[in-house]
Amino acid sequence: MPELPEVETIVRDLRPHLEGRMIVDVRVNWPRAIAEPAEDVERFRAGVLGRRIVRVRRRGKLVWLCLDDGQSLVIHLRMSGRLVLLPAGSDRHLRVTFALAYANAWTPDRGEPECSYLYFHDQRKFGRIWLTRDAARMLDLLGPEPLAESFDSGELAALLAKRRGALKPLLLNQRVIAGLGNIYADEALFRAGLHPQRTADTLSEEEVVRLHSAIQAVLQHAISLHGTTFDGLFVRPGGEEGRHQEGLRVYGQAGIPCTRCGTPIERIVVGGRGTHICPRCQPLTKGKAGKQGACR
DNA sequence: CTATGGCCCTGGTTGC
DNA sequence: TGCAACCAGGGCCATA
């Protein structure tokens, strides 16, 4: 499930292969993957053919390809979407293929293929691609980027203030903060020593600071390890797996001793989502245990 | 505003 | 061994 670190990895890997390339062909095997123009393969094709990809960016969990005519391709991988540069083993889950060439056909080849491909694979068919002239309209719906310079603990405090709901569903809400999914929400809460069902507006200033650094630390750590390949769903564009799964402290670790205190990790349900906690390091009621749960 | 539940999907797991 | 039921997961939508 590509979350911020996985999408960041994808974007960084893809960038040198896509920027400057021209889309010379598109094949759509599963029209519903095209969210805009909705399921209209012909208009989608006509819109992207001959366009050059000028920038490859990320916003939250979205991959954002800026085209040379002001349009954008915005891609959400959701659960099982993949963007890969090499054809995968089976075609069964291949939904969309982009054929790419250098904008200038005569560019020296130096072993570089004349044409390369970007494949959108998606086993579970939740992923979507939007072709839009107004990417800002979509991207502005998202909350702040947790790794932005400007995102300090004061801003996080402001987001949490006046929120009566549980902490975890709030962290998963992309309109509140962009890019966290189930894995990193659980990992950040563990590092901060906070129970996912804590009411957001009851955090002390110190707890907010802890949460803020926990979020940034886990995201940065995961990016440095090229994301988490937990269930085999996420692979990098070149086919490699991430390595952050080895750093997971609670996600998917039910029954395994907590790395801090040895108490078995528990799996509970919060806001309808599977949630992993150390019941001792992340007490629901204010206690001393959580205090020492500072990120690390 | 918040909570809950259904829906979209597939493939892996569980239960019989 | 076969097969049906169930479930996870992100985001959106409807309902309460």
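**Exercise 1. Which residue just after α6 takes a positive phi, and of about how many degrees?**

Before solving, some ground rules: this is a predicted model, where local features need pLDDT of at least 70, side-chain atom pairs count only at pLDDT 80 or more, and totals for chains, interfaces and linings use all residues. Residues are numbered from 1 along each chain as its sequence is written, chains are lettered from A and ligands numbered from 1 in the order in which they are written, and side-chain values use heavy atoms, with hydrogens and water left out.

*Step 1.* Find the helix. Helices are DSSP runs (H or I, at least four residues), strands are too (E, at least two), and both are numbered from the N terminus. Helix α6 covers residues 182-192.

*Step 2.* Step just past the end of α6: Gly193 is your residue, with a positive phi of about 70 degrees.

*Step 3.* While you're there, check burial. Buried means under 20% relative accessible area, exposed over 50% and partly exposed in between (1.4 Å probe, protein chains only). In α6, 11 of 11 residues are buried, including Asp186, Glu187 and Arg191.

**Exercise 2. Work out what surrounds DNA strand C.**

*Step 1.* Collect the neighbours, meaning residues with a heavy atom within 4 Å of the strand. There are 13, and the closest are Lys61, His76, Met79, Tyr251 and Arg273. Of the strand C atoms that come within 4 Å of the protein, sugar and phosphate account for 69%.

*Step 2.* Look for polar contacts (pairs of N or O atoms within 3.5 Å; within protein, one must be able to donate a hydrogen and the other to accept it, and residues adjacent in sequence count only if both atoms are side-chain atoms). The side chain of Lys61 puts an N or O atom 2.9 Å from a phosphate oxygen of strand C. For His76, the distance from a polar side-chain atom to a phosphate oxygen is 2.8 Å.

*Step 3.* Now try the bases. An N or O atom in the Arg124 side chain is 3.4 Å from a base nitrogen of strand C.

**Exercise 3. Do likewise for DNA strand B.**

*Step 1.* Here 13 residues are around the strand, and Arg32, His93, Lys125, Arg163 and Arg164 come nearest. Sugar or phosphate makes up 73% of the strand B atoms within 4 Å of the protein, and the rest belong to bases.

*Step 2.* Go through the phosphate contacts. Arg32 has a polar side-chain atom 2.2 Å from a phosphate oxygen of strand B, and for a polar side-chain atom of Arg92 the figure is 2.9 Å. Arg164 uses a polar backbone atom, 2.6 Å from a phosphate oxygen.

**Exercise 4. Describe how Phe230 and Tyr251 pair up.**

*Step 1.* Apply the ring rule: rings of Phe, Tyr and Trp (its six-membered ring) pair if their centres lie within 6.5 Å, with planes under 30 degrees apart stacked, over 60 edge-to-face and the rest tilted. That gives 3 aromatic pairs. Phe230 and Tyr251 are edge-to-face, at 5.1 Å centre to centre and 75 degrees between the planes.

*Step 2.* Place them on the chain. Both lie in the loop between α7 (205-224) and β10 (266-270), so the pair ties together parts that are 21 residues apart in sequence.

*Step 3.* Compare accessibility. Phe230, at 36%, counts as partly exposed, while Tyr251, at 10%, counts as buried.
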